[in-house]
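I'm opening a fresh notebook page for a structure I haven't looked at before. Let me put it up here and then jot down what I look up.

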Amino acid sequence: MNNQTKLLLQKLQQTIDQLENSIEPYQQLILNSPCFDISLFKRAPAKAGYNFYFLEIKHNYQKLEELVEKNNHGQYFAAIEYLTEHLCYQIEALNRGLANIQPEDRTNSQLPTQSLYDKYNIHLDYLRRLQAMKYELQQFDKSNPTLIQKMTVLDQRIARCQYALMKLEEQIDSL
């Protein structure tokens with residue numbers, strides 16, 4: 001293994017360490033459904049926490065290190081390239097998931113019932129983020145089946161969010 005490869009692995013390890021520090025406050029937080037694309041995290045149960053997804057990232061990093069050690073004559077180059085890209089996508093998805101944690105989840109305490117306006121603003125912010133993610137994906141090759149699947153999932157989430165906003169607007173109007 002050359003020095004450049006070692007340096008890249010160290011940087012990836014540092015990124016994973018930073019992610020671990022970011023997840024630490026939310027280790028006990030349980031997500032009610034798989035939050036990520038099945039192509040990113042294959043073994044996700046119906047109720048898993050961020051720690052579950054992080055452990056899969058660590059496992060993939062260990063597999064990457066093993067492949068790099070075995071790669072004497074470049075026979076594992078394609079697998080290393082795939083696993084590195086996959087790891088980067090997993091890390092990015094988990095960071096995005098952490099960024100989308102709702103304020104009540106961040107405090108880990110039950111807030112008094114939020115006003116309808118607060119809920120509306122939270123949903124509006126969530127909709128904005130979803131639309132930004134969709135815009136980012138639209139910049140890539142639209143013939144990629146994985147990209148099409150991700151766009152479909154985002155469209156479904158956007159539709160649910162818009163529906164929730166509509167219901168909140170109705171509740172606010174009825175006040």
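Below are my entries, from the whole chain down to single residues.

**Ground rules.** I'm looking at a predicted model, where local features need pLDDT of at least 70, side-chain atom pairs count only at pLDDT 80 or more, and totals for chains, interfaces and linings use all residues. Residues are numbered from 1 along each chain as its sequence is written, and side-chain values use heavy atoms, with hydrogens and water left out.

**Whole chain.** I started with the elements and found six helices and two strands. Helices here are DSSP runs of H or I with at least four residues, strands are runs of E with at least two, and both are numbered from the N terminus. Read from the N terminus, the order is α-β-β-α-α-α-α-α. Next I checked burial: 29% of the 175 residues count as buried. Buried means under 20% relative accessible area, exposed over 50%, and partly exposed in between, with a 1.4 Å probe and protein chains only. I also looked at contacts, meaning heavy atoms within 4.5 Å. Among those with a separation of 6 or more, 60% are between residues 24 or more positions apart.

**α1 against α2.** How do the axes of these two helices cross? Helix α1 (residues 3-23) and helix α2 (residues 50-70) have axes that come within 11 Å and cross at roughly 170 degrees. The axes are lines fitted to C-alpha atoms over the stretch in contact, and angles run from 0 to 180 degrees between N-to-C directions. That makes the pair roughly antiparallel, a label for angles over 145 degrees. On the α1 side, the residues making the contact include L9, L12, I16 and L19, and on the α2 side they include F54, I57, Y61 and L64. By class I noted 11 nonpolar, three polar and two charged residues. Nonpolar covers Ala, Val, Leu, Ile, Met, Phe, Trp, Tyr, Cys and Pro; charged covers Asp, Glu, Lys and Arg; the others, Gly among them, are polar.

**α3.** Helix α3 (residues 77-99) has 23 residues and reaches 33 Å from its first C-alpha to its last, close to the 33 Å expected. The expected span is 1.5 Å times one less than the number of residues. Its buried residues include I80, L83, H86, L87 and Q90.

**H86 and N60.** I then looked up H86 of α3, which is buried at 8% relative accessibility. Setting aside neighbours within four places in sequence, H86 is in contact with S39, L40, K42 and N60. So I followed N60, which lies in α2 and is buried at 5%. With the same kind of neighbours left out, N60 is in contact with L83, H86, L87 and Q90.

**α6.** The 29 residues of helix α6 (residues 145-173) should span 42 Å, and the end C-alpha atoms are indeed 42 Å apart. Among its buried residues are L154, I158, C161 and L165, and what covers the buried residues of α6 includes α5 (116-138). I picked I158, buried at 8%. I158 touches L127, L130, Q131 and K134, not counting residues up to four places away in sequence. From I158 to R129 is 29 residues in sequence and 9.6 Å in space, C-alpha to C-alpha.

**Cysteines.** How many disulfides are there? Zero, taking a disulfide as a pair of cysteine sulfur atoms within 2.5 Å. C88 is partly exposed at 40%, whereas C161 is buried at 3%.

Methods
Angles under 35 degrees count as roughly parallel, over 145 as roughly antiparallel, 65 to 115 as roughly perpendicular and the rest as oblique.
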